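Trainee: I have a new structure open and would like to find my way around. Could we go through it together?
Mentor: Gladly; ask away once it is on the screen.

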Amino acid sequence: MSRLEAKKPSLCKSEPLTSEKVRATLCVLKGILTSSYGPSGRLKQVHNGLGGCVCTTSQSSALLSNLPVTHPILKILTTSTKNHVSCFSDCGLFTAILCCNLIENVQRTGLTPTTVIKLNQHLLRLCTNYLKSESCGCRIPVDFSSPQTLLCLVRSIVTSKPACMLTREETDHISALVLKAFLLTIPENTKDRLILGKSIIVPLKGHRVLDSTVFPGILIEVSEVQLMKILPIKKSNAFKVALFCASLSGDLSDTGEGTVVVSSGVSLENAVLEQLLNLGRQLVSDHVDLVMCQKVIHPSLKQFLSMHQVIAIDRVGVALMEPLSKVTGTQPIGSLGSISPSSYGSVKDLCPAKFGFKHFLHLIPNEATICSLLLCNRNDTAWDELKLTCQTALHVLQLTIKEPCVLLGGGCTETHLAAYIRHKTCNEPESILRDDGCTQTELQLLTEAFCRALESVAGSLEHDGGEVLTDMKYGHCWSSQAESPSVVNWPDWLSRCGCGLCNSQEELRWSFLKATQHPIAPQTCLPHEATGSSNSLTLDCFTAKLSGLQVAVETANLILDLSYVIEDKN
């Protein structure tokens, strides 16, 4: 018997945030995330020292899933961010950077965790109530009769992912395709509830981005030999379809711990094959034109169906089963027994298609709420990043249907919100002090820490040494070139604010974002200016950013409230 090792005692550490090692690790994580933020964010290569694939990205979902984190505090932060991204797809870096900023700024105030948490929660309520209010100066309603705002939203997402390696023309092309793919998933006739379809991303690597396109229906990849066998496809009316989720390979299913009793002289293989051929006879007698199987179809059954002019496609995979069921109106068949007529569906037409070196069978539905986005890029790394970006944009558009509004991007929401919070707490502190039992000094200290955290997120968009400013009228974010002189006439050096809504030729005054900010009542430049410059706006998803703000503050509160970390070292 091997010798048992004595159990090690658990490691208990008090006040973990006072540790210099923890602070340094948090600072390193913040540096990684901050330097990845925005359209000019620096790319990161994450790889295992023992080998394996290399991930080149600046997206939070790819970064955090590939970044090994061991300290419990960092695990709380990264897990909260990953949970947010899994629900909303966007604003992951915003969430994580804001959380790091809040922790860092609050520690400098020297306030007790209890006071900090109460005031943070109150300031968060001020933010959320303002962002949801009709008077909000950084929120734009979405008019679905005009696609321009939605196109700006998609373009903002695509341009914020530099690892996609897109030119301006390619960015516009992909943005338009993503919006078109999304619009194809919206049913024409809806009653009480809107049920969206699905966009399927079909890979075509090693081709020009401008070759990407969208098709209504589904593209099923087939071999050239297989496609030649089923051509030509000629039929005047709809094609009747059967969809199988059960294997038609003839293999015996796993019996688990049970046994199979076979009579003497009976061949299992022949019995199963006969059952498959009986199934094929029923399909032929029911005038089925197309048979699709998630798994494998036995060669003999394929040959039998081909002899009776029935097209057989196998190995379509589990990912396509739900879209195929929606497109064809079929109920996936899970047995080899008799088939109910209600299980069959239909498609309007079948067409062969070839793109690059790949061959496809194009299923054209009667009513399309499923579409295929044929996505091209020059190499595997750029394609993987572009796929993730398109998935994010499609999800954000779905969220925008539920909450038909968007927020100003380019750091303008953060700086505008910080200006609003300063103004509110400076001019109406009584309600906060009365409800939370804090002093005026504590409120001022934490308000400044909270607003600085928001402004630091906006400042993280600048990576080339330029100055970041905010105007004293609207509270928007502005960025200047690195070589700006110390004494400068700012209208000559600035063109438009970060979101693209405000013009520097207006009578504005600016101050450096890092300088001491005096409370101002930020005005709104909506809605008439928004309509005039909507072609070039930078926008953020309202739902994702609001959730990110809440997750960042609540996670920071949780981490700041930690008194002990107990680790089991066994």
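**A guided look around**

Mentor: Let us start with one serine in this predicted model. The side chain of S249 makes a polar contact with the side chain of S247, at 2.9 Å.

Trainee: Where is S249 found?
Mentor: Look beyond strand β8, which covers 239-244, and before helix α9, which covers 268-285. S249 is found in the loop between β8 and α9.

Trainee: Is S249 buried or exposed?
Mentor: A residue counts as buried when its relative accessible area is under 20%. S249 has a relative accessibility of 14%, so S249 is buried.

Trainee: Which residues does S249 touch, not counting residues up to four places away in sequence?
Mentor: The serine S247 is left out here, although its side chain makes a polar contact with that of S249. With such neighbours not counted, S249 touches L276, V296, I297 and H298.

Trainee: What separates the C-alpha atoms of S249 and G92?
Mentor: Along the chain, S249 and G92 are 157 residues apart. In space, their C-alpha atoms are separated by 44 Å.

Trainee: Strand β8 came up already. What is the order of strands in its sheet?
Mentor: Strand β8 belongs to an open sheet of four strands with mixed pairing. The edges are β10 (311-313) and β11 (345-347), each with a single partner strand, so one side of each is left without a neighbour in the sheet. Neighbouring strands are turned by 30 degrees against each other on average, direction ignored. The order is β10-β9-β8-β11.

Trainee: Which residue stands opposite M292 in β10?
Mentor: Strand β9 takes in residues 290-293, and β9 pairs with β10 in the parallel sense over three bridges. The residue opposite M292 in β10 is I313.

Trainee: What is the order of the open sheet of three strands?
Mentor: Its pairing is antiparallel. At the edges are β17 (477-479) and β18 (510-512), each pairing on one side only. From one strand to the next, the twist averages 40 degrees. The order is β17-β16-β18.

Trainee: Which residue in β17 is the bridge partner of L469?
Mentor: Strand β16 spans residues 468-471 and is joined to β17 by three bridges, the two running antiparallel. In β17, the bridge partner of L469 is W478.

Trainee: How many residues of strand β7 are buried?
Mentor: Strand β7 runs over residues 218-222 and is mostly covered. Five bridges join β7 to strand β13 (residues 358-364), in an antiparallel arrangement, and I218 stands opposite L363 in β13. Of the five residues in β7, the number buried is four.

Trainee: Let us turn to helices. At what angle do the axes of α4 and α15 cross?
Mentor: Helix α4 holds residues 92-109 and helix α15 holds residues 440-459, and their axes come within 8 Å. The crossing is right-handed. The angle is roughly 145 degrees.

Trainee: How many residues of the contact of α4 with α15 are nonpolar, polar and charged?
Mentor: From α4, residues including F94, I97 and L98 take part, and from α15, residues including L445, F450 and R452. They divide into twelve nonpolar, four polar and one charged.

Trainee: Which backbone oxygen does the side chain of T413 reach?
Mentor: T413 is found in helix α13, residues 412-427. T413 is buried, with a relative accessible area of 3%, and touches C138, L407 and L408, not counting residues up to four places away in sequence. At 2.5 Å, its side chain reaches the backbone oxygen of L408.

Trainee: What is the relative accessibility of T185?
Mentor: T185 is found in the loop between α7 (168-184) and β5 (198-205). Leaving aside neighbours within four places in sequence, its contacts include I195, L196, T369 and C371. T185 counts as buried, its relative accessibility being 2%.

Trainee: To finish, how many helices and strands does the protein have?
Mentor: Of its 570 residues, 50% are buried. The C-alpha trace spans about 90 × 75 × 45 Å along its principal axes. The secondary structure comes to 18 helices and 20 strands.

Technical notes. Residues are numbered from 1 along each chain as its sequence is written. This is a predicted model: local features need pLDDT of at least 70, side-chain atom pairs count only at pLDDT 80 or more; totals for chains, interfaces and linings use all residues. Side-chain values use heavy atoms; hydrogens and water are left out. Axes are lines fitted to C-alpha atoms, for helices over the stretch in contact, and angles run from 0 to 180 degrees between N-to-C directions. A crossing is left-handed if the near helix is turned anticlockwise from the far one by less than a right angle, and right-handed if clockwise. Contact means heavy atoms within 4.5 Å. Ala, Val, Leu, Ile, Met, Phe, Trp, Tyr, Cys and Pro count as nonpolar, Asp, Glu, Lys and Arg as charged, and the others, Gly among them, as polar. Two strands pair if DSSP finds at least two bridges between them. Buried means under 20% relative accessible area, exposed over 50%, partly exposed in between (1.4 Å probe, protein chains only). A polar contact is a pair of N or O atoms within 3.5 Å; within protein, one must be able to donate a hydrogen and the other to accept it, and residues adjacent in sequence count only if both atoms are side-chain atoms.
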